[in-house]
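Colleague: I would like a close look at one part of this model, followed outward to whatever it touches. Please keep it plain enough for someone in the first year.

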Amino acid sequence: MNSKEIFIKAIKLEKTPRVPVTILSGGVWVFNRKGMSLGDSFKLAPQAAAEIIAATNEEVRSDIVWAAAGCNNLAIRAIGGKANFHKVGAASDIAEPLIAKAADVDKLNVDKLKDDAGIQAMLETTKILVKNIGDRTMIGNSQWGPLTLAGLILGTENLMRIMIKDKPAVHAMLEFTSELCYRYWELFVNAGAEFVSMAEPTASGDMIARKQFMEFAMPAATKIRGRIADKVRGTMIHICGDITKFLDLIPEIGVNVVSLDYKVDLAKAREVLHGKIAFTGQMDPVAIMQDETPAGVAVACRECIEKAGLDGGYLMMPGCDLPPGVPLENLKAMVDTAHNYKM
């Protein structure tokens, strides 16, 4: 059974011959090893970019290779935002909100996605990855979820304010950002990606209440998951921070997998989610994956497996994207622990 088959079995909540294991995103980490920024990767010939990504995964052995990893802000750039992709070893950032008030979202045009040069470069790279390794490795793509996109476009503080003062305006924004997320995914799915993830850090339990999650984040996520579901092999949501207070709501979104931050206890996640939805996590990306020794990483990974259980539905993954300083040896220790754990 190859890597892709094991992954698919796991997200169907079936018992697997070994513990599935994957990184989350990893684009900055991959190109930082070559002394390159994400912006530099857009300028490479797609064949060269694909070769770097595939060769890196030959070393890492992740069960998912993420196409356009770390490039979520390309969607913001495409519709007119100021996104910086040129800092070596750093994730992209948005310099300033794109609009001053929520009503201005009507002036934005999602059709511009297909015109962005970075998106076009990543689509060509995706097609090559699918052709070269897609038969044995799951090719995935990620985009910010609707609530996080709304915060990046309007400014997160402004969004939090109108979530209390002007709920209709928030819902109008989420209509646009849901379409933006879906249309971005669709481009990559048409290029061959078979798994999609929405990253919703603004929906963190550290930022919003359960009531707000139910009113804003959950309906938007559910809607776009439903639109893409029949076009892919699986869907995932990643939410940063502690989401214990609404863990029970995640299966209602309809995604196959929830990716958990290190703040969520895996034993609690198993108690709430087992038999309903696959879950991943949750080694601390900095304290464990970057700063520990390989032996320390292995210990942490074994603890995760033991908390999560071995009867299907758990995938080992760091609690968030990889910092650029994570040693390759630590990733190998994570993967070796998953591969060698006695089932």
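Modeller: What follows starts with one strand, moves to the helix that packs against it, and then turns to the charged pairs and some unusual backbone angles. The model is a predicted one.

The part to look at is strand 8, residues 278-283. This strand is mostly covered, with 6 of its 6 residues buried. Strand 7, which spans residues 257-260, runs parallel to strand 8 and is joined to it by 3 bridges. Within that pairing, Val258 has Phe279 of strand 8 as its bridge partner. Strand 9, residues 314-318, also pairs with strand 8 in the parallel sense, over 5 bridges. Here Gly281 stands opposite Met316 in strand 9. In a regular strand, side chains alternate between the two faces of the sheet.

The connection between strand 7 and strand 8 can be followed too. Helix 12, residues 266-273, belongs with these two strands to a β-α-β unit, and the unit is right-handed.

Strand 8 also has an unusual peptide bond. The bond from Gly281 to Gln282 is cis, and its omega is near -5°. Gln282 is in strand 8, and Gly281 is the residue that stands opposite Met316.

Next comes helix 14, residues 294-308. Helix 14 has 15 residues and reaches 21 Å from its first C-alpha to its last, close to the 21 Å expected at 1.5 Å a residue. Its buried residues are Gly296, Val297, Ala298, Ala300, Cys301, Cys304, Ile305 and Ala308. An α-helix has 3.6 residues a turn, so residues three or four places apart point the same way. With that in mind, look along the buried list from Val297 to Cys301, Cys304 and Ala308. The cover over the buried residues of helix 14 includes strand 8, along with helix 12, helix 13 (285-290), strand 9 and helix 15 (328-340). Two of the names in that cover, helix 12 and strand 8, are also parts of the β-α-β unit described above. After helix 14 comes Gly309, with a positive phi near 90°.

Away from strand 8, charged side chains link other parts of the chain. The structure holds 24 salt bridges. One that starts from the loop just after strand 7 is between Lys263 and Asp206, whose side chains meet at 3.0 Å, N to O. Lys263 lies in the loop between strand 7 and helix 12, while Asp206 lies in the loop between strand 5 and helix 10, so this pair ties together parts that are 57 residues apart in sequence. Lys263 is partly exposed, because its relative accessible area is 43%. Asp206 is also partly exposed, at 44% relative accessibility.

Glu194 and Arg233 form another salt bridge, with their closest N and O atoms 3.6 Å apart. Glu194 is in the loop between helix 9 and strand 5 (195-199), and Arg233 is in the loop between helix 10 (210-228) and strand 6 (234-239), so the parts tied together are 39 residues apart in sequence. Arg233 has a relative accessible area of 43% and is therefore partly exposed.

Arg183 and Asp111 make a further salt bridge, and here the closest N and O atoms are 2.4 Å apart. Arg183 belongs to helix 9 (residues 167-190) and Asp111 to the loop between strand 3 (93-94) and helix 6 (117-133), so the pair links parts 72 residues apart in sequence. Both ends are partly exposed: Arg183 has 24% relative accessibility, and Asp111 has 35%. These two residues are also in a network of salt bridges that includes Glu179 and Arg227.

Arg18, in the loop between helix 1 (3-11) and helix 2 (27-32), is buried. It counts as such because its relative accessibility is 13%, and the cut-off for buried is under 20%. The side chains of Arg18 and Asp63 are joined by a polar contact of 2.8 Å.

Two residues on either side of strand 1 have backbone angles to note. Arg61 has a positive phi of about 70° although it is not a glycine. Arg61 is in the loop between helix 4 (46-60) and strand 1 (64-67), and at a relative accessible area of 32% it is partly exposed. Ala68 is not a glycine either, and its phi is positive, about 60°. Ala68 lies in the loop between strand 1 and helix 5 (74-78). With a relative accessible area of 5%, Ala68 is buried.

Note on methods. Residues are numbered from 1 along each chain as its sequence is written. This is a predicted model: local features need pLDDT of at least 70, side-chain atom pairs count only at pLDDT 80 or more; totals for chains, interfaces and linings use all residues. Side-chain values use heavy atoms; hydrogens and water are left out. Buried means under 20% relative accessible area, exposed over 50%, partly exposed in between (1.4 Å probe, protein chains only). Helices (H or I, at least four residues) and strands (E, at least two) are DSSP runs, numbered from the N terminus. Two strands pair if DSSP finds at least two bridges between them. A crossover is right-handed if, with the strands pointing away from the viewer, the path from the first strand over the helix to the second runs clockwise. A polar contact is a pair of N or O atoms within 3.5 Å; within protein, one must be able to donate a hydrogen and the other to accept it, and residues adjacent in sequence count only if both atoms are side-chain atoms. A salt bridge is a side-chain nitrogen of Lys or Arg within 4 Å of a carboxyl oxygen of Asp or Glu. The expected span of a helix is 1.5 Å times one less than its number of residues. Contact means heavy atoms within 4.5 Å.
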